[in-house]
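Please work through the exercises below with the sequence and the structure at hand. Each task is followed by a solution in steps.

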Amino acid sequence: MEQIKKSLSFYNLWEDDLEGRIRPIVGDASLPYFGLPEEEFQTIGKTLRTIIHCASWVNIIFDYSTLKPSNVISTLEALRLANQSEVLVNFHYVSTLSTVFGAVGKVAHQHTEEEEYKLASAGRGGYALSKWIAERLVIQCHRKGLPTVIYQPGTIGGSSIDGSFNVNDYVFKILACMIEMKKVPIVSSELSLNITPVDKVSNYIVQMVKKINSDANLLSASLDSITLPILNPSNLLWKDVLHWIVSHSKTKNDANAVESIPYSDWAHQLGNSINKVKPSQLMISMEPFLPQLKLHIPSFGISESNVSKLISQTTLHFPHFCKRIERELVYKYLDQIIRISSLDKTQGLFIMF
């Protein structure tokens, strides 16, 4: 419980009454029966009515075989847990939007399963493939009678309330590097991001769980698992974010305000910051991404045509769940980065992927 309390407190989410509502069970999601004795696993399963499975190892570097235990086996075990119940359990699986797109950028559901597998295997890394295969397990169980929902969040950003961010998120780290370097690159005006604040994603899932619990027909009437992409209806341009980093630094009365430089110069300076004799923990953690970042800044945007296709599914149940990200929220993110970077000097918060 202390670890849960510490983590929630770090993100300003802990409330004292939560202690009586959370029952920690120490195990390992990547192991059979979650690393628990089989009898205990069965006993827990008998008491369940709803399962929300979001445990996974999010890593865009490692291959499928490395991520399979955490992302595929854990899903198989969660489905096994649902099967222990004496009543029908509603199973909610949190996947990723990475599973939606094939190697050529087309929506994967336009293809047969065999074609989808080939696209998933050839066009994506181990993480997306592991989540795609886990989705197939969920869909198979749905076809055998287990009510299921699959959520596919895109890039999850910091809280829209106070800007709290996952400190080891890739986008967060890129922004943190820019602030540490006091340099931002000049990029193409078309490069974009599609970010959905974490509280909007979690609230969407919780509200959907409540809706399904109050109307079982939502799931029973569907031949396949309900699949819900969760993404922001509006892309955010990288050039705007970089401009806001510069303007934000000027509000801090910093003598060394952030400045814009050509991308090649920025990438070269990033390499120098990572490879110097005593780099910061942040820079050390970014070393695996240096080859990619030397070429271009990653685009996490989604084409307008694909946004239109997917958002109709996202907003089917909750039409106004998320607004466009504006400067005010990005400023909150930047304030959090400055706070975290200061803490990292003593607590080592940034880790290797």
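The exercises that follow treat the core, the salt bridges, two backbone angles and a surface patch.

The model is predicted, so that local features need pLDDT of at least 70 and side-chain atom pairs count only at pLDDT 80 or more, while totals for chains, interfaces and linings use all residues. Residues are numbered from 1 along each chain as its sequence is written, and side-chain values use heavy atoms, with hydrogens and water left out.

**Exercise 1. The nonpolar core**

Determine how many residues the largest nonpolar core has, and which helix supplies the largest share.

Step 1. A nonpolar core is a set of buried Ala, Val, Leu, Ile, Met, Phe, Trp, Tyr and Cys residues joined through side-chain atoms within 4.5 Å. Buried means under 20% relative accessible area, exposed over 50%, and partly exposed in between (1.4 Å probe, protein chains only).

Step 2. The largest such core has 45 residues, and those with the most contacts inside it are M178, W238, I245, L270 and M286.

Step 3. At least two core residues come from each of α6 (170-181), α9 (238-251), α10 (263-275), α11 (281-285), α12 (290-295) and α14 (327-347). Helices (H or I, at least four residues) and strands (E, at least two) are DSSP runs, numbered from the N terminus.

Step 4. Helix α6 gives the largest share of this core, ten residues. In soluble globular proteins, nonpolar side chains tend to be buried together.

**Exercise 2. Salt bridges**

Find how many salt bridges the whole structure contains, and describe the pairs E77 with R80 and E259 with K183.

Step 1. A salt bridge is a side-chain nitrogen of Lys or Arg within 4 Å of a carboxyl oxygen of Asp or Glu. By this criterion, the whole structure holds six.

Step 2. E77 and R80 form one of them, at 2.8 Å from N to O. Both residues lie in helix α3 (residues 64-82), three residues apart, about one turn of the helix. E77 is buried, at 2% relative accessible area, whereas R80 is partly exposed, at 31%.

Step 3. E259 pairs with K183, and their closest N and O atoms are 3.3 Å apart. Because E259 lies in strand β10 (residues 259-262) and K183 in strand β5 (residues 183-186), the pair ties together parts that are 76 residues apart in sequence. E259 is partly exposed, with a relative accessible area of 39%, and K183 is buried, with 16%.

Step 4. A further salt bridge joins the side chains of K239 and D240 (3.4 Å, N to O). K239 is partly exposed, at 36% relative accessible area.

**Exercise 3. Positive phi angles**

State where Y33 and F34 lie, and whether each is buried or partly exposed.

Step 1. Most residues other than glycine have a negative phi. Y33, not a glycine, has a positive phi of about 55°, and the phi of F34 is near 60°, also positive.

Step 2. Y33 is placed in the loop between α1 and α2, and F34 is placed in the loop between α1 and α2 as well.

Step 3. Y33 is partly exposed, with a relative accessible area of 22%, whereas F34 is buried, with 18%.

**Exercise 4. A charged patch**

Identify which residues form the negative surface patch, and locate E15.

Step 1. Patches are made of residues with over 30% relative accessible area and no salt bridge, and like charges are joined within 9 Å.

Step 2. E2, E15, D16 and E19 form the negative patch.

Step 3. E15 is found in the loop between α1 (2-10) and α2 (38-46), and E15 is partly exposed, at 48% relative accessible area.

Key. Patches are made of residues with over 30% relative accessible area and no salt bridge: like charges are joined within 9 Å, nonpolar side chains (Val, Leu, Ile, Met, Phe, Trp, Tyr) within 5 Å. Accessible areas come from the Shrake-Rupley method with a 1.4 Å probe; for residues, only the protein chains shown count as cover. Lys and Arg count as positive and Asp and Glu as negative; His and the chain ends are not counted. The place of a charge is taken as NZ of Lys, CZ of Arg, CG of Asp or CD of Glu.
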